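Dear colleague,

I am passing on the structure we spoke of, and I would be glad if you could look it over with the notes that come after it.

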Amino acid sequence: MKILLINHFPLEGSGSGVYTQNIAKFLAKKGHEVTVIMPENKTNYLQMEGVKMHPVFFKKDEIIEGQLDFNFPCFTTHPESIVNFYDLTDAQIKMYEDAFRKAINEEIKTNKPDIIHAGHIWILSSIAADTGIKTIITAHGTDIIGHQKDTKFHSYTNNAVDKCDKIITISNDNKKLVETLFDIEEERVCLMKNGYNPEKFYIDENAKKEEILARFNIENKYDKIVCFAGKLTKIKGIDTLLKANKLYDDGKTLTLISGNGELFNELNSLKDELGLKNTYFLGNQTHDTLRDIYNIADVSIVPSRVEAFGLVAVEALACGTPVIASNQGGLPEIINDEVGMIFTVDNEKELAADILKVFNTKYDAKKLNKYVFDKYSQESLIDELIDLYQNDEIEKIHIK
């Protein structure tokens with residue numbers, strides 16, 4: 001098959017971007033012709049073997065021919081941009097739409113895709129659904145927040161839902177939200193688990209704490225390590241982790257926060273206000289570095305206020321690290337007592353107590369890895385996606 005993948009974000013730095021990266025990689029490994037259209041603000045962007053990349057350029061640090069004169073917009077924040085969809089002018093929205101419509105039409109003309117798979121019920125999936133080519137959309141959660149937040153974008157979201165062939169939801173909670181918010185037939189919505197890349201996230205028995213901490217100029221003097229990875233935005237609940245940190249910090253526990261975003265300065269100020277001396281903000285990190293951090297950490301925290309799935313939880317477990325997650329969205333569908341703990345969202349006292357419990361519980365790293373490999377390995381899930389692409393029944397329920 002010839003498959004055109006479209007995402008509102010680069011393939012690094014967000015859960016939906018990594019989702020697109022993972023399925024592109026494993027579709028190509030299966031022998032399919034894959035093209036990805038995505039925004040970028042730099043020329044040194046991710047390349048993948050066997051995958052054609054078609055960036056639409058936006059302005060940040062580099063001057064790139066043909067770039068739009070603003071950075072790519074987000075629903076919340078992104079390590080590479082804090083521009084928000086809701087703050088775009090009508091003129092900027094039109095520029096955004098025109099640039100991606102041009103890119104999509106170019107790929108349709110030159111490559112003639114059999115199917116378009118778009119990330120998010122939003123602007124680009126609306127454009128894709130208008131092409132007449134079989135279109136599948138994955139709802140990632142932040143798009144649902146966007147639909148609820150700003151009616152200005154309803155013309156796009158409603159058009160995408162009305163004209164697409166299928167919507168993939170990534171958790172039961174995500175599925176219920178889509179079915180509640182949109183007038184859509186039940187048979188056009190399916191639940192399909194998000195997958196992680198086991199070639200990137202795995203147990204590394206050679207990971208050495210002293211060497212990994214030295215990269216960040218951190219002395220190896222700690223008995224326990226707590227870690228977080230994600231965008232520094234309100235919905236991720238990092239402030240709850242910092243307040244819990246104040247309660248569990250005994251001088252021998254290190255807390256590492258990987259990621260960037262609009263709240264970087266605010267969260268650092270909160271860290272100082274709380275007097276947290278053993279907490280480090282590491283900035284945005286590559287998957288290779290995150291794998292190293294997970295491998296030396298004693299627990300990974302996902303304190304989200306909103307989380308449709310929670311890919312970082314799966315990636316941490318793949319590295320043999322137990323996870324404590326909030327009771328929001330798809331997280332309780334991933335985390336159970338065998339692999340970690342669930343705490344009440346925004347409850348820093350409960351989170352701190354659970355962290356101390358995990359420190360005193362012995363987890364088998366290999367069992368944690370096997371748990372997610374069996375359920376969430378992208379390699380094992382890709383055939384289910386291909387079956388959906390090839391399902392001729394989609395045409396019978398398609399509404400134009």
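The notes below cover confidence, then the cysteines, and then one glutamate.

Please keep in mind that this is a predicted model. The mean pLDDT of the chain is 95, and 98% of its residues reach 70 or more. The stretch of residues 394–400, however, has a pLDDT below 50, although in the model this stretch makes 19 contacts beyond near neighbours in sequence.

As for the cysteines, the structure holds 0 disulfides. C164 takes part in none, and the cysteine sulfur nearest to that of C164 belongs to C190, 10 Å away. Seen from the other side, the closest cysteine sulfur to that of C190 is the one in C164, and because the two are 10 Å apart they are too far from each other for a bond, the cut-off for a disulfide being sulfur atoms within 2.5 Å. C164 counts as buried, with a relative accessibility of 0%, and C190 is buried too, with a relative accessible area of 15%.

Turning to E350, this residue lies in helix α13, which covers residues 348–359. E350 has a relative accessible area of 25% and is therefore partly exposed, since buried would require a value under 20% and exposed one over 50%. Once the neighbours within four places in sequence are set aside, E350 is in contact with I342, F343 and T344. P39, by contrast, is 311 residues from E350 in sequence, and their C-alpha atoms are 40 Å apart in space.

With best wishes

Technical notes
Residues are numbered from 1 along each chain as its sequence is written. This is a predicted model: local features need pLDDT of at least 70, side-chain atom pairs count only at pLDDT 80 or more; totals for chains, interfaces and linings use all residues. Side-chain values use heavy atoms; hydrogens and water are left out. Helices (H or I, at least four residues) and strands (E, at least two) are DSSP runs, numbered from the N terminus. Buried means under 20% relative accessible area, exposed over 50%, partly exposed in between (1.4 Å probe, protein chains only). Contact means heavy atoms within 4.5 Å. pLDDT is the predictor's confidence in each residue, from 0 to 100.
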